[in-house]
Amino acid sequence: MPAAIIKQLCDFVDASPTAYHAVENIAAALEARGALRLDEGEAWSLEPGRAYFVVRAGTALVAFRPGLRPPAEEGFALAGAHTDSPALKARLEKGLSGKGFERSPVEVYGGPILSTWLDRPLSLAGRVALRGAAKASVENRLVNFARPVGIVPNLAIHLNREVNKGFEYNAQSHLPVLLSSSGAAPAEPAGSAALLRLVAEELGVEPGAILGADLYFVESQRCVQVGADPALVNGYRLDDLTGCHAVLDGFIQAPPAPHGQVACFLDNEEVGSRSLMGADSSFLRDLLGRVAALQGSSSEGFYRALSRSFSVSVDVAQAWHPSYPDKYDEAFAPIVNGGPAVKVNANMKYATDGEAEARFRLLCEDAGAPCQKWMARADMTPARPSAPCPRP
Ligand code: ZN
């Protein structure tokens with residue numbers, strides 16, 4: 001990857017510790033290039049070829065450019081990525097105090113490799129819902145500490161000599177995040193949460209003003225290049241901020257076309273996409289239906305538009321790992337920086353069929369990009385039930 005793109009990607013990753021921040025940054029990039037933000041609750045008026053976007057629940061965004069020709073004739077070209085990644089979600093209201101330690105309990109979001117979350121400085125980021133100025137109103141505020149606020153320490157190896165043979169972490173007892181250690185008995189009243197006070201202080205509000213929150217302990221280290229050549233990048237949330245970055249860049253650079261162009265940034269892939277703002281929600285279909293109707297399509301015209309559409313789900317692939325060759329079928333193990341990999345599975349764990357693969361290969365050819373293919377070993381089943389394919 002060229003150095004300038006790696007720098008852009010790392011800046012985007014560093015500024016996007018949660019799905020809320022990713023969506024905010026994607027919205028800012030679109031607005032800076034003239035895209036118009038629309039509200040699902042308002043009436044829309046669309047101009048063919050102009051860029052628009054809609055945000056749902058703060059963590060999902062769909063950008064689109066209505067096609068220059070009727071949707072029923074040309075359909076939509078879609079690409080989608082997901083905004084969420086595994087993390088430790090804070091249980092803000094509850095604090096754990098004892099023997100001078102203050103800890104914050106957590107809940108595991110998605111499927112992280114838990115051992116990689118221990119013994120490293122963690123930051124905190126997400127969205128906080130505050131009591132609004134008007135009666136019965138709520139004010140949402142994003143927060144990003146962008147500095148270490150806690151750590152999950154392992155037990156000393158002297159007390160568990162077997163740890164390197166495998167250890168099962170218990171989320172309730174082993175994963176609370178250590179926030180402070182005064183070495184003395186806690187001065188705060190029982191039940192007072194150190195994290196709640198920390199967040200209130202960061203926002204400049206009283207703890208009582210915080211009525212709800214979606215806050216996550218996240219990696220605090222910046223995205224960096226690793227090694228002697230620029231090919232390796234290490235950073236939190238590369239799955240799937242790399243996809244978000246690529247889809248955003250592609251959408252921004254694309255000139256208006258006869259067909260509608262749609263870039264999806266959807267939430268909750270890590271937990272099955274079944275939420276108000278996930279790929280399995282009504283979000284995308286609602287939006288495409290509105291666009292088609294506003295461009296003069298009848299109900300039948302909308303279904304014709306769907307049948308003429310093509311969607312690419314952009315996510316990471318499991319590249320060849322030289323230390324675990326037995327986990328791959330060598331003929332279908334993509335190489336890092338060898339180009340996009342199309343993922344195929346006979347039992348449709350991925351949506352790609354032969355025709356879709358052929359179409360994707362033609363798109364790669366057109367873009368001058370090499371194309372690889374990923375298939376699991378025939379004696380293994382891919383872990384994910386499905387890719388986060390935006391379902392129109
Ligand atoms: Zn992913």
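**A hairpin, a small sheet and a zinc site**

In this predicted model, β9 and β10 make a hairpin with six residues between them, and Ala136 in the turn has a positive phi of about 60°. The two strands, β9 (residues 122-131) and β10 (residues 138-144), pair in the antiparallel sense through seven bridges. Arg131 sits opposite Val138 in β10.

Elsewhere, three strands line up as an open sheet in the order β6-β7-β11, with antiparallel pairing. At the edges are β6 (96-98) and β11 (177-181), each of which pairs on one side only. On average, neighbouring strands of this sheet are turned by 20° against each other, ignoring direction. Strand β7 (residues 101-104) is joined to β11 by four bridges, the two running antiparallel. Here Glu102 has Ser180 in β11 as its bridge partner.

Then there is the zinc ion. Its protein donors are His82 (NE2), Asp239 (OD) and Asp315, the last listed with two OD entries, and they lie 2.1 to 2.3 Å from the metal. Along the sequence, the donor residues follow the spacing H-x156-D-x75-D. His82 belongs to strand β4 (residues 76-82) and Asp239 to helix α5 (residues 238-253), so this pair ties together parts that are 157 residues apart in sequence. The angles among the four donor atoms run from 58 to 145°, and the site is irregular. For four tetrahedral donors, the ideal angle at a metal is 109.5 degrees.

How accessible are these two zinc donors? His82 counts as buried because its relative accessibility is 1%, while Asp239, at 26% relative accessibility, counts as partly exposed.

Definitions and conventions
Residues numbered from 1 in each chain as written. Predicted model: local features only at pLDDT ≥ 70, side-chain atom pairs only at ≥ 80, totals over all residues. Heavy atoms only, no water. Donors = N, O, S within 2.8 Å, 3.2 Å for Na, K, Ca; no water. Tetrahedral: all angles 85-135°; square planar, octahedral: opposite > 155°, others 65-115°. Buried < 20%, exposed > 50% of the residue type's maximum accessible area, 1.4 Å probe, protein only. Pairing = 2+ DSSP bridges. Axes fitted to C-alpha atoms, helices over the stretch in contact; angles between N-to-C directions.
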